[in-house]
Amino acid sequence: MKYNFKGFSEKANEALNNAIISAEELGHTYVGSEHILLGILDTDDSVALSALKKFDITAEKLESQMRKTIGSGTATRLSPDYFTPRAKRVIETAITGCNNL
């Protein structure tokens, strides 16, 4: 299912949806800030992706590190309700930060 996150661009919505998908595929029971970063890395042609690539940060490297440190399980079904408090703060900061520019 694709979710529409109010106040975000199409690319940001894609990244947040990718975050949920990444958490599901990794078999995690939550969507954390690390999944948001992975969602950004899985979004084509975004400004954020370009910035991360300059530092040689890739989805493959991040996912590998996540599997080592967090682990993985059986694929799950998640929704925006499963964002962690920290991930929610990241999203809220993105909204309020962008509106204050």
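# Reading loops, helices and cores

Reader: Where is Asp56 found?

Author: Asp56 sits in the loop between α3 and α4 (59–69). Those labels come from DSSP runs, numbered from the N terminus: helices are H or I runs of at least four residues, and strands are E runs of at least two. Before we go on, this is a predicted model, in which local features need pLDDT of at least 70, side-chain atom pairs count only at pLDDT 80 or more, and totals for chains, interfaces and linings use all residues. Residues are numbered from 1 along each chain as its sequence is written, while side-chain values use heavy atoms and leave out hydrogens and water.

Reader: What is the phi of Asp56 near?

Author: The phi of Asp56 is near 60°, a positive value in a residue other than glycine. Asp45 is another case: its phi is positive, about 55°, although Asp45 is not a glycine. You'll find Asp45 in the loop between α2 and α3. For a glycine, look just after α1, where Gly27 follows with a positive phi near 75°.

Reader: How do I read exposure, and is Asp45 buried or exposed?

Author: Go by relative accessible area: under 20% is buried, over 50% is exposed, and partly exposed lies in between (1.4 Å probe, protein chains only). Asp45 has a relative accessible area of 72%, so Asp45 is exposed. Asp56 comes out at 49%, which means partly exposed. Lys6, in the segment before α1, counts as exposed because its relative accessibility is 75%.

Reader: How do I read the span of a helix, and how far does α1 reach from its first C-alpha to its last?

Author: The expected span is 1.5 Å times one less than the number of residues in the helix. With 17 residues, α1 reaches 24 Å, close to the 24 Å expected. Several residues of α1 are buried, among them Asn13, Leu16, Ala19, Ser22 and Glu24.

Reader: What makes a nonpolar core, and how many residues has the largest one here?

Author: A nonpolar core is a set of buried Ala, Val, Leu, Ile, Met, Phe, Trp, Tyr and Cys residues joined through side-chain atoms within 4.5 Å. The largest has 11 residues, including Phe5, Leu16, Ala19, Val31, Phe83 and Ile91. α1 (10–26) and α5 (85–99) each supply at least two residues of this core, and α1 gives the most, with four.

Reader: Which residues does Leu16 touch?

Author: Contact means heavy atoms within 4.5 Å. Not counting residues up to four places away in sequence, Leu16 touches Phe5, Phe8, Ile36, Phe83 and Ile91. Apart from the largest core lies another one, of eight residues, with Leu38, Leu41, Leu62 and Met66 among them.

Reader: What is Leu38 in contact with, leaving aside its neighbours within four places in sequence?

Author: Leu38, which belongs to helix α2, contacts Ser22, Leu26, Ala59, Leu62, Glu63 and Met66. Its relative accessible area is 1%, so Leu38 is buried. Its C-alpha lies 9.8 Å from that of Lys61, with their positions 23 residues apart in sequence.

Reader: Is Gly39 buried or exposed?

Author: Gly39 is buried, at a relative accessible area of 0%. Gly39 lies in helix α2 and, neighbours within four places aside, is in contact with Ala15, Asn18 and Ala19. Now take Ala19 in helix α1, which is buried at 0%. Ala19, with its neighbours within four places left aside, is in contact with Val31, His35, Ile36 and Gly39.

Reader: How do I describe two packed helices, and at what angle do the axes of α2 and α3 cross?

Author: Packed helices are described by the angle between their axes and the distance between the axes. Axes are lines fitted to C-alpha atoms, for helices over the stretch in contact, and angles run from 0 to 180 degrees between N-to-C directions. Under 35 degrees counts as roughly parallel, over 145 as roughly antiparallel, 65 to 115 as roughly perpendicular, and the rest as oblique. The axes of α2 (residues 33–41) and α3 (residues 47–54) come within 8 Å and cross at roughly 100°. α2 and α3 are therefore roughly perpendicular to each other.

Reader: Which residues in α2 meet which in α3?

Author: Leu37, Ile40 and Leu41 in α2 meet Ala48, Leu49 and Leu52 in α3. By type, this contact has six nonpolar residues, no polar and no charged. Here Ala, Val, Leu, Ile, Met, Phe, Trp, Tyr, Cys and Pro count as nonpolar, Asp, Glu, Lys and Arg as charged, and the others, Gly among them, as polar.
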